[in-house]
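Visitor: I'm new to this structure and would love a close look at a single part of it. Could you pick one spot and walk me through what surrounds it?

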Amino acid sequence: MSVNTRVLEWTETDLGVAGEQREVVRAPASVLATPGERVDPTSPDVVRLAADLVATMRVSPGCVGLAAPQVGVGAKVFCVDVSEHPKTREHHGTFVLCNAEVVSGSRNEKAREGCMSVPDLTGDVKRPSRIVVRGQLPGTGEEVELEAEAFEARALQHEIDHCDGLLFLDRAAGAHAVYARKTYL
């Protein structure tokens, strides 16, 4: 995997605004089932949203990503930071992407996922374990493309799904692949 140094070097201070914690909405909130709108990544409202997503992720134990619909905003914006998670191998640190999409994926693997918007359940979801994602950085609007593998690839796809109005439950192999969460964060 090649690491995109522009994404790796990005920090929330690049946004120029301090983020504030927002309330995380839970299923069955309609915003979680509605595809988000594409955004202008240079818009001050989007920059503020990006900062708020990072701030909310940072104060949420075990959280490795958060998408705009999870804070009640129907927009294609999310943050990811898997750097502290024990399942992480290679990663890009903390970053926010706008209007992101998976442009290629390979090596499907099944793994357990959880979600702050579905706090009482986990589920087995099959996803590509090696992906290429294209999106825009908030503030500058710079288009970036990054390769991700393993846990970071899973987190990116989970957040992109949120932006498309999907929960991990929509991707689980069926009711037999959904479980009551055993540990509470």
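Guide: Happy to, and a good way in is through the cysteines: the structure holds zero disulfides. Please keep in mind as we go that this is a predicted model.

Why is there no bond at C63 or C115? A disulfide needs two cysteine sulfur atoms within 2.5 Å. The cysteine sulfur closest to that of C63 belongs to C79 and is 6.5 Å away, so the two are too far apart for a bond. For C115, the closest cysteine sulfur is the one in C63, and because 8.6 Å separates them, no bond can be counted there either. Both residues are tucked away from the surface: C63 counts as buried at 14% relative accessibility, and C115 counts as buried at 6%.

Let's stay with C115, our spot for the close look. An unreviewed UniProt entry lists C115, H158 and H162 under "binding site". These residues are spread over 48 residues of sequence, yet they cluster in space, with a largest C-alpha distance of 10.2 Å.

What does C115 touch? Setting aside residues up to four places away in sequence, C115 touches Q70, H158, H162, F168 and R181. Two of those names, H158 and H162, also appear in the UniProt listing.

Now let's visit H158. This residue sits in helix α3, which covers residues 150-163. With 9% relative accessibility, H158 counts as buried. Apart from its neighbours within four places in sequence, H158 is in contact with E113, G114, C115, R127 and F168.

Back to C115, which is found in strand β3. Strand β3 (residues 95-115) pairs with strand β4 (residues 118-136) in the antiparallel sense, over 14 bridges. The two strands form a hairpin with two residues between them. G114, one of the contacts of H158, stands opposite T122 in β4.

T122 leads us onward, since its bridge partner in β6 is Y179. Strand β6 (residues 178-180) pairs with β4 in the antiparallel sense over three bridges.

Strand β4 also pairs with strand β5 (residues 143-149), again in the antiparallel sense, over seven bridges. There, V144 in β5 is the bridge partner of G135. The hairpin of β4 and β5 has six residues between the strands, and within it G139 takes a positive phi near 95 degrees.

So that is our tour: from C115 in β3, across to H158 in helix α3, and out along the strands that pair with β4, including β5.

Key: Residues are numbered from 1 along each chain as its sequence is written. This is a predicted model: local features need pLDDT of at least 70, side-chain atom pairs count only at pLDDT 80 or more; totals for chains, interfaces and linings use all residues. Side-chain values use heavy atoms; hydrogens and water are left out. Two strands pair if DSSP finds at least two bridges between them. Helices (H or I, at least four residues) and strands (E, at least two) are DSSP runs, numbered from the N terminus. Buried means under 20% relative accessible area, exposed over 50%, partly exposed in between (1.4 Å probe, protein chains only). UniProt positions are given in the numbering used here, feature names are shortened, and annotations may be inferred rather than shown by experiment. Contact means heavy atoms within 4.5 Å.
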